[in-house]
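Colleague: I'm new to reading structures, so could we go through this one together?
Modeller: Happy to, let's take a look.

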Amino acid sequence: MTNLYAAPSADMTATAYQGDTYLPRMFQKDGRIGRVRYLVYEMIVTVLTVAAMSALLTWLIPAYGPMLSMFAMVVWIPSTALTLVVTRRRLHDLGKSGWLGLLHLVPVANLFFGLWMVFGRGDPDANQFGVPPAPTTRALVIAAFLIPVAIIAVLPSYQDLQEKWIADMVRFKTNELMKEYKAGAAAKAVAAGDDVDEDAAAASDDASTDGGQAAAAPEQAGSTPPR
């Protein structure tokens with residue numbers, strides 16, 4: 001006989017989201033993403049970063065050379081933040097804590113971590129971070145192949161910009177050093193001129209004193225009474 005007051009025996013948590021998915025968006029803070037979406041999102045962040053840095057190298061360096069490091073930080077901070085958010089969502093798909101995304105900032109370890117992000121298989125069903133993402137579309141697969149080709153295609157132009165940036169920075173620094181050198185040389189010349197004027201004035205005073213003493217000597221000799 002069935003006990004009418006017994007607790008339900010069905011698992012109400014394991015199958016709560018069974019078969020459910022959601023459609024991810026790139027600029028979401030939460031939610032899981034799979035391998036292909038992670039790869040595409042990361043490459044889009046890379047393209048945006050390269051474009052922003054190219055704009056800096058092309059337009060801002062000639063006028064604001066000394067402030068380049070500040071402008072670079074303006075680009076680097078949001079780029080790194082976007083990368084960490086995308087990585088956090090990928091880690092959640094793997095059922096791992098988002099804090100592991102800080103491995104992105106550790107040299108050498110970030111290489112192996114990146115491979116894990118690209119090739120690691122996510123949880124097929126819901127986990128503690130939510131339901132799995134929707135299946136990968138054909139457009140995402142095509143983008144995963146085309147975006148790296150585009151990055152490789154524009155890489156020589158970006159390298160040319162970097163070389164131009166280095167040349168402009170060297171030229172800018174050289175001009176600044178020359179200005180400082182000329183200003184220092186002019187200051188020394190002015191100081192040397194003042195010293196010469198002071199020496200000349202002192203010599204003139206000495207000559208006047210000697211002349212006065214020479215003129216007074218005959219007068220003293222003429223006024224001496226004969227013996």
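Colleague: With which side chain does the side chain of serine 79 make a polar contact?
Modeller: This is a predicted model, where local features need pLDDT of at least 70 and side-chain atom pairs count only at pLDDT 80 or more, while totals for chains, interfaces and linings use all residues. Residues are numbered from 1 along each chain as its sequence is written, and side-chain values use heavy atoms, leaving out hydrogens and water. Leaving aside neighbours within four places in sequence, serine 79 is in contact (heavy atoms within 4.5 Å) with Val45 and Thr49. At 2.7 Å, the polar contact is with the side chain of threonine 49.

Colleague: Does serine 79 count as buried or exposed?
Modeller: Buried means under 20% relative accessible area, exposed over 50%, and partly exposed in between (1.4 Å probe, protein chains only). Serine 79 has 15% relative accessibility, so this residue counts as buried.

Colleague: And tryptophan 99, buried or exposed?
Modeller: Tryptophan 99 lies in the loop between H2 and helix H3 (109-119); helices are DSSP runs (H or I) of at least four residues, numbered from the N terminus. Its relative accessibility is 69%, so tryptophan 99 counts as exposed.

Colleague: Which helix gives the most to the largest nonpolar core?
Modeller: A nonpolar core is a set of buried Ala, Val, Leu, Ile, Met, Phe, Trp, Tyr and Cys residues joined through side-chain atoms within 4.5 Å. The largest one here has 15 residues, with Ile33 and Tyr38 among those with the most contacts inside it. Helix H1 (35-64), H2, H3 and helix H4 (138-222) each give two or more residues. With 5 residues, the one that gives the most is H1.

Notes
A polar contact is a pair of N or O atoms within 3.5 Å; within protein, one must be able to donate a hydrogen and the other to accept it, and residues adjacent in sequence count only if both atoms are side-chain atoms.
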